[in-house]
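Here are a few exercises to work through with the model open in your viewer. Try each one before you read its solution.

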Amino acid sequence: MESTTELKRCKWCSNDLVYQDYHDNEWGVPKYDDRTLFEMLILEGAQAGLSWITILKRRENYRKAFDNFDVQKVAKYSEKDIDRLVNDKGIIRNKLKINSAIKNAKVFIEIQKEFGSFSKYIWSKINDTPIINHYKDATVLPVTSSLAEQISKELKKKGMSFVGPIIVYSYMQSIGMINDHTLDCFLRK
């Protein structure tokens, strides 16, 4: 499906309507709901080694497969659930990523208990104020930062996986902690 609009978007955004919808309505928009934060964490981990559009096009399948990202349910997944997910053609059937989603759900819950919510934990890293970068074009967009490296280390120390610095930086963009819309993007005007 191709776009019929002539809006100037960040150069990474293709003409695919799924990508454009994500770019226009989600990327860089602050999110505070723990269910959404968990969803994006799992989707970003699933994306490792793949293109983001590959995951976006499977997003509804992920929602069905992972009980709409109910962290309590995902944390209790059994071997039977893992087998179900490994055989689900609607998602990326990588057993390491599936096991990671379950492990990360358990750690996510521990962080919620410690901080009152995952949102409070993650947003405290930037004093609840989104970082708004001013990059001229996509050629200079970073793939990580010292803050992403710090958060990655913390999450790994707590027991999460598929949360390397590049994944964490993408996560921060996806949940609006970082706004990297380039200066020529219509969303910056």
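Helices here are DSSP runs of H or I with at least four residues, strands are DSSP runs of E with at least two, and both are numbered from the N terminus. You're looking at a predicted model, where local features need pLDDT of at least 70, side-chain atom pairs count only at pLDDT 80 or more, and totals for chains, interfaces and linings use all residues. Residues are numbered from 1 along each chain as its sequence is written, and side-chain values use heavy atoms, with hydrogens and water left out.

**Exercise 1. Find the loop that holds Asp 128, then say what is notable about its phi.**

Step 1: Asp 128 sits in the loop that links α8 (118-124) to β1 (131-132).

Step 2: Its phi is near 60°, a positive value in a residue other than glycine. For background, most residues other than glycine have a negative phi.

Step 3: Now look at Asn 68, another non-glycine residue with a positive phi, of about 55°. Asn 68 belongs to the loop between α4 (59-65) and α5 (71-75).

Step 4: Asn 68 is partly exposed, because its relative accessible area is 39%. The cut-offs are under 20% for buried, over 50% for exposed and in between for partly exposed, using a 1.4 Å probe and protein chains only.

**Exercise 2. Take the UniProt "binding site" residues and work out how far they spread in sequence and in space.**

Step 1: The unreviewed UniProt entry lists Cys 10, His 23, His 181 and Cys 185 under "binding site". UniProt positions follow the numbering used here, feature names are shortened, and annotations may be inferred rather than shown by experiment.

Step 2: These residues span 176 residues of sequence, yet they cluster in space, with a largest C-alpha distance of 10.3 Å.

Step 3: Cys 10 is in the segment before α1 (17-25), and His 181 is in the segment after β2 (178-179).

Step 4: Cys 10 is buried, because its relative accessible area is 1%. His 181 is buried too, at 3%.

Step 5: Check contacts (heavy atoms within 4.5 Å). Leaving out residues up to four places away in sequence, Cys 10 touches His 23, Trp 27, Asp 180, His 181, Thr 182 and Cys 185. On that basis, the partners of His 181 include Cys 10, His 23, Trp 27 and Asn 133.

**Exercise 3. Describe how α9 packs on α10.**

Step 1: Fit axes to the C-alpha atoms over the stretch in contact, with angles running from 0 to 180 degrees between N-to-C directions. Helix α9 (residues 146-158) and helix α10 (residues 165-174) then pack at about 110°, their axes 8 Å apart.

Step 2: So α9 is roughly perpendicular to α10. The bins are under 35 degrees for roughly parallel, over 145 for roughly antiparallel, 65 to 115 for roughly perpendicular, and oblique for the rest.

Step 3: On the α9 side, the contact residues include Leu 147, Ile 151 and Leu 155; on the α10 side, they include Val 168, Tyr 169 and Met 172.

**Exercise 4. Place Ile 82 and find what it touches.**

Step 1: Ile 82 is part of helix α6 (residues 79-86) and is buried, because its relative accessible area is 5%.

Step 2: Apart from neighbours within four places in sequence, Ile 82 contacts Lys 95, Ile 98, Asn 99 and Ile 102.

Step 3: The axes of α6 and helix α7 (residues 95-115) come within 10 Å and cross at roughly 135°, which means α6 is oblique to α7.
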